[in-house]
Amino acid sequence: MGAQIAGPAPLRNTALLGLGVHRPERVVTNAEICELIDSSDEWIQSRSGIKSRRFAAAHPEESVTEMAISAGAKALEAARMSGAQIDTVIVACSTYPMQTPQCAALVADRLGTGGAGALDIAAGCAGFCYALGVASDLVRAGTAEHVLVIGVERMSDATEPTDRTVRFIFGDGAGAVVVGPSDEVGIGPTVWGSDGAQGNAIRQEPDWVDFAQNPDQKRPWIIMEGTAVFRWAAFEMSKFARQIADKAGVALTDLDAFVPHQANLRINDVIVKQLELPDTVAVADDIIETGNTSAASIPLAMEKMLRTGQVKEGDTALLLAFGAGLSYAGQVVKMPRLAR
């Protein structure tokens with residue numbers, strides 16, 4: 001009989017201890033987008049609610065890694081912690097340009113963690129909530145003490161500038177939170193899932209292997225079947241939002257805020273209507289000035305709500321992310337402290 005293995009430590013509560021973001025300086029208006037696509041400011045706003053978005057500066061100034069480091073440092077500041085207190089870094093991203101080394105390892109080193117565990121998660125627009133669920137469970141089980149979770153994207157690199165179906169939708173940015181143990185529950189159970197049968201609705205075409213073998217063709221870009229995605233998100237996500245609230249034991253009417261993925265203002269309006277949320281629940285609308293930043297969407301939206309006074313630290317919010325995969329994830333959280 002082999003040696004006895006020690007069991008895991010008792011489960012702990014977790015919370016968001018601090019939030020920080022990086023918003024690129026360059027503001028790109030609908031008018032600028034329409035210089036290369038056959039559209040108009042009026043059409044874009046009526047279909048998506050977007051007035052502007054941010055595009056990152058040329059590499060390496062605002063690379064995925066640099067934006068992640070910037071947001072991560074601000075989250076540490078908000079949590080009143082140093083990098084040395086972080087033992088795990090998780091980066092959610094679908095536009096990191098390297099297969100190796102992983103972005104999280106570079107971020108962990110630059111933030112002075114002293115060799116933290118590091119992994120990247122690619123789950124499209126649902127990536128941040130996927131990563132947050134993993135981080136919370138790591139801390140709850142005692143595998144990690146403090147986890148830095150970062151959602152970051154350079155969607156401007158992944159969308160073809162003349163494609164009128166996707167170019168106006170996306171923007172760039174990063175957001176980060178510190179997850180750690182707490183006396184009270186600050187992060188509820190995660191609800192997540194996917195529908196790979198509809199995976200083709202948001203895809204990269206061609207894949208990089210095909211492009212390497214046939215370099216004369218158009219380089220890989222993100223392609224989206226807008227109608228299919230709209231129907232799936234608008235008419236399925238309310239069900240998952242209810243599951244998230246039920247699993248957390250929180251009534252929708254008791255929420256202070258609803259933070260849906262900033263994919264499309266019309267989609268979010270439909271979800272809010274189906275949930276019958278009262279006017280007392282603040283609803284994130286960061287998409288108007290930031291566009292769809294994929295895995296960075298949720299933390300950026302949280303930051304705007306805190307910065308503008310829509311919510312305050314400690315308020316109860318339901319996070320709901322959805323997108324490529326098609327995948328979704330979410331949890332109920334207490335809003336964190338914001339970096340100055």
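**Exercise 1. What percentage of the 340 residues in the protein is buried?** Relate the result to the overall dimensions.

*Solution.* The structure is a predicted model.

Step 1. A residue counts as buried when its relative accessible area is under 20%. By this criterion, 55% of the 340 residues are buried.

Step 2. The accessible surface amounts to about 14900 Å², and 50% of that area is supplied by carbon and sulfur atoms.

Step 3. For a chain of 340 residues, a compact globule would have a radius of gyration near 20 Å; the value for this protein is 19 Å, so the two agree. The C-alpha trace extends about 65 × 50 × 45 Å along the principal axes.

Step 4. Among contacts with a separation of 6 or more, 77% join residues 24 or more positions apart.

**Exercise 2. Determine how strand β4 is placed among its neighbours.**

*Solution.* The protein contains 10 helices and 14 strands; β4 comprises residues 88-92.

Step 1. Establish the burial of the strand. In β4, 5 of 5 residues are buried. One side carries Thr88, Ile90 and Ala92, the other Val89 and Val91, and both faces are covered.

Step 2. Identify the pairing with β5, residues 117-121. The strands β4 and β5 run parallel and are joined by 5 bridges. Within this pairing, Ile90 lies opposite Leu119.

Step 3. Identify the pairing with β6, residues 147-154. Here too the sense is parallel, with 5 bridges between β4 and β6. The bridge partner of Ile90 in β6 is Val149.

Step 4. Combine the two pairings at one residue. Ile90 is matched with Leu119 of β5 and with Val149 of β6.

Step 5. Trace the connection from β4 to β5. Helix α4, residues 103-110, together with β4 and β5, forms a β-α-β unit that is right-handed.

**Exercise 3. Why can helix α10 be described as largely enclosed by the rest of the structure?**

*Solution.*

Step 1. Count the buried positions. Helix α10 spans residues 297-307, and 10 of its 11 residues are buried, so the rest of the structure largely encloses the helix.

Step 2. Inspect the buried residues by name. They are Ser297, Ile298, Pro299, Leu300, Ala301, Met302, Glu303, Lys304, Met305 and Leu306. The charged side chains Glu303 and Lys304 thus appear in this list.

Step 3. Recall the geometry of a helix. With 3.6 residues a turn, residues of an α-helix three or four places apart point the same way.

Step 4. Examine what comes after the helix. Gly309 follows α10 and has a positive phi, near 85 degrees.

How values were computed:
Residues are numbered from 1 along each chain as its sequence is written. This is a predicted model: local features need pLDDT of at least 70, side-chain atom pairs count only at pLDDT 80 or more; totals for chains, interfaces and linings use all residues. Side-chain values use heavy atoms; hydrogens and water are left out. Buried means under 20% relative accessible area, exposed over 50%, partly exposed in between (1.4 Å probe, protein chains only). Helices (H or I, at least four residues) and strands (E, at least two) are DSSP runs, numbered from the N terminus. Two strands pair if DSSP finds at least two bridges between them. A crossover is right-handed if, with the strands pointing away from the viewer, the path from the first strand over the helix to the second runs clockwise. The radius of gyration is taken over C-alpha atoms; the globule rule is 2.2 Å times the number of residues to the power 0.38. Contact means heavy atoms within 4.5 Å. Accessible areas come from the Shrake-Rupley method with a 1.4 Å probe; for residues, only the protein chains shown count as cover.
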